[in-house]
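Subject: A structure to look through

Dear colleague,

I am handing over a structure for you to look at, and below it I have written down what was found in it. Please keep the structure open while you read, so that each part can be located as it comes up.

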Amino acid sequence: MSVSNHTVHGGANGAKGPSNSEHRIEPDRTATQSVESRLTGPMRLHQLAKQNRSMRFDNLLHHLTPQNLLQAYHHLNKKSAKGVDGESWVSYGTNILKRIQSLHSRIHTMKYKPQPVKRIWIPKANGDLRPIGITTVEDKIVQQAMVWILEAIYEADFLGFSYGFRPNRNQHKALDAVYVAITQKKVSWVLDADISRFFDTIDHKWLMKFLEHRIADKRMLALIERTIKAGVIEKDRYSKTVVGTPQGAVISPLLANVYLHYVLDLWANRWRKYHARGDCYIVRYADDSVFGFQYEADGVNFENALSDRFKKFGLSLNQDKTQLIEFGRFAIRSFKEKKGKPSTFDFLGFTHICSTSWSSGNFKLLRKTNAKKMKNKLLEIKQALRKRINIDVYSQGKWLNKILIGHYNYFSVPDNSVSLDRFKTAISRLWLKLLKRRSQKFKVNWNKLTKLIRYFLPNPRILHPYPSQRFRV
């Protein structure tokens, strides 16, 4: 179907892209201006991208309208920290229509320049420091608007086993996919792959080449490149951004997905079709991936090939966290004969364990809250609770209630009730200890605290049933 009257001239002619065959795209240099009138904005882009997987879009910047930018502003977190310009969401909103018009004009005249990311270090409960990048409100607006445009195109390309930071997908759908693969498919070996410092090592040149497979709009490409090269300010010192995308930036997750789509997803999908002897299953959430194999040899060969693949694009496997283990319903039979115990692996905050049903004796996959993560979380709560030692008990209880409900909302899966109960009990003990420290005139004991616990701290219940039960509903 012909969808345009003219040809794109804004592509990456002569650029040396990736050497793999899945990256050599002969582009249909078709523009996006005269499209079916019944589709507008991102819907139109998605429809075209889905219809023609080799189409390159050359007129994307015009989708950054004042209305789009204003919508992006209202989409942002109103309580987020201030960037290098000192602007909060509220202060930026003063005379917002005029500011949005000015921003829109600067973008389309290429006078808009993203500001550096403010880097701060947040102490972890274990004593380490975590770097956080804080973007200015204005830059967040532009990034969010760009995400909606790019997302419309790339959602037509991203593969089904990619779950991270995508519309209508979340961690629990990725966990479901792992659960189904291990319990219902031919999986005897699991490769738990972790990419070392992924967001900090994304190669800018490769990223821009990957984007050029779908984007021919030079102004949009220039805007993206300016964004990832905006630099960092830490303690009033500026440093250039040579590689990586700032964690915490609105656009970083989408760019990360684009990078791994070409580096990992397309390649892994092709590898399992043409090189695996047996079945192979893939689940990726951002930079955290689980691969299931029918045969050990496939797992070994894939891990070696994946390591070589990553080297070409500036990435590497974290050898301390990457492991190939015998795992699954076939593996547990093997370990029974050896009188051993299968290894476990962690994925998205859960430790996955081979077990058997006490009633039938059949294989059962257990998912428990990762002990290290729970310990660190409790340490964070302990430190935060100390800062609230002088506030009233009611406010303390409301705060702990939100913490507990948030924990339940994520970790309430079947067979994890013991971990959930331990988490609640630990919080209750921390609260009792705090109240004892501040109580000078009367003694606070566990019995007195019981009433507070019943009122503020709810009991856990299963919120995420087994995939088979949810699918059946």
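I will begin with a single residue, Phe423, which touches Met374, Lys377, Leu378, Ile381, Leu404 and His407 when residues up to four places away in sequence are not counted. Phe423 itself lies in helix H15, which covers residues 417-438. One of its contacts shows how the chain brings together parts that are apart in sequence: Phe423 and Leu378 are separated by 45 residues along the sequence, and their C-alpha atoms are 7.9 Å apart in space. Is Phe423 buried or exposed? Its relative accessibility is 0%, and because buried means under 20%, Phe423 counts as buried.

Please bear in mind throughout that this is a predicted model.

Turning to the protein as a whole, its secondary structure comes to 17 helices and 11 strands. The protein has 473 residues, of which 52% count as buried. Of the contacts between residues at least 6 apart in sequence, 72% join residues that are at least 24 apart. The protein exposes about 24,400 Å², and carbon and sulfur atoms supply 50% of that area.

There are two sheets that I would like you to find. One is an open sheet of four strands in the order S6-S7-S3-S8, with antiparallel pairing. Its edge strands are S6 (280-285) and S8 (323-326), each of which pairs on one side only, and the twist from one strand to the next averages 15 degrees. Within this sheet, S6 and S7 (residues 288-293) run antiparallel and are joined by six bridges; if you want one pair to look for, Ile282 has Phe291 in S7 as its bridge partner. Helix H10 packs on this sheet and touches S6 and S7, with its direction at about 175 degrees to that of S6. Helix H11 packs on the sheet as well, where it touches S3 (189-194), S7 and S8, and its direction makes about 145 degrees with that of S7.

The other is an open sheet of three strands, in the order S9-S10-S11, and here too the pairing is antiparallel. The edge strands are S9 (345-347) and S11 (363-369), each pairing on one side only, while the twist averages 40 degrees from one strand to the next. Seven bridges pair S10 (residues 350-356) with S11 in the antiparallel sense, and the bridge partner of Cys354 in S11 is Leu365. Helix H6 packs on this sheet, touching S9, S10 and S11, and its direction makes about 155 degrees with that of S11.

H6 deserves a second look, beginning with its length. What span should its 14 residues (171-184) have at 1.5 Å a residue? The expected value is 20 Å, and the end C-alpha atoms are 20 Å apart, which agrees. H6 is mostly covered, with 10 of its 14 residues buried; among them are Leu175, Val178, Tyr179 and Ile182. In general, residues three or four places apart in an α-helix point the same way, because there are 3.6 residues a turn. The N-terminal end of H6 is capped by Asn170, which has a side-chain oxygen 3.1 Å from the backbone nitrogen of His172.

Helix H8 (residues 204-212) is also mostly covered, since seven of its nine residues are buried, and these are His204, Trp206, Leu207, Met208, Phe210, Leu211 and Glu212. What covers these buried residues includes H5 (137-154), H9 (218-228), H10 (252-274) and H11 (296-312). At the start of H8, a side-chain oxygen of Asp203 comes to within 3.0 Å of the backbone nitrogen of Lys205.

Finally, please look at Arg214, which sits in the loop between H8 and H9. With a relative accessible area of 1%, Arg214 is buried, and its side chain reaches the backbone oxygen of Asn52 at 2.9 Å. Leaving aside residues up to four places away in sequence, Arg214 touches a set of residues that includes Asn52, Phe57, Ile153, Asp157 and Tyr262.

With best wishes

Conventions: Residues are numbered from 1 along each chain as its sequence is written. This is a predicted model: local features need pLDDT of at least 70, side-chain atom pairs count only at pLDDT 80 or more; totals for chains, interfaces and linings use all residues. Side-chain values use heavy atoms; hydrogens and water are left out. Buried means under 20% relative accessible area, exposed over 50%, partly exposed in between (1.4 Å probe, protein chains only). Helices (H or I, at least four residues) and strands (E, at least two) are DSSP runs, numbered from the N terminus. Contact means heavy atoms within 4.5 Å. A polar contact is a pair of N or O atoms within 3.5 Å; within protein, one must be able to donate a hydrogen and the other to accept it, and residues adjacent in sequence count only if both atoms are side-chain atoms. The expected span of a helix is 1.5 Å times one less than its number of residues. Accessible areas come from the Shrake-Rupley method with a 1.4 Å probe; for residues, only the protein chains shown count as cover. Two strands pair if DSSP finds at least two bridges between them. Axes are lines fitted to C-alpha atoms, for helices over the stretch in contact, and angles run from 0 to 180 degrees between N-to-C directions.
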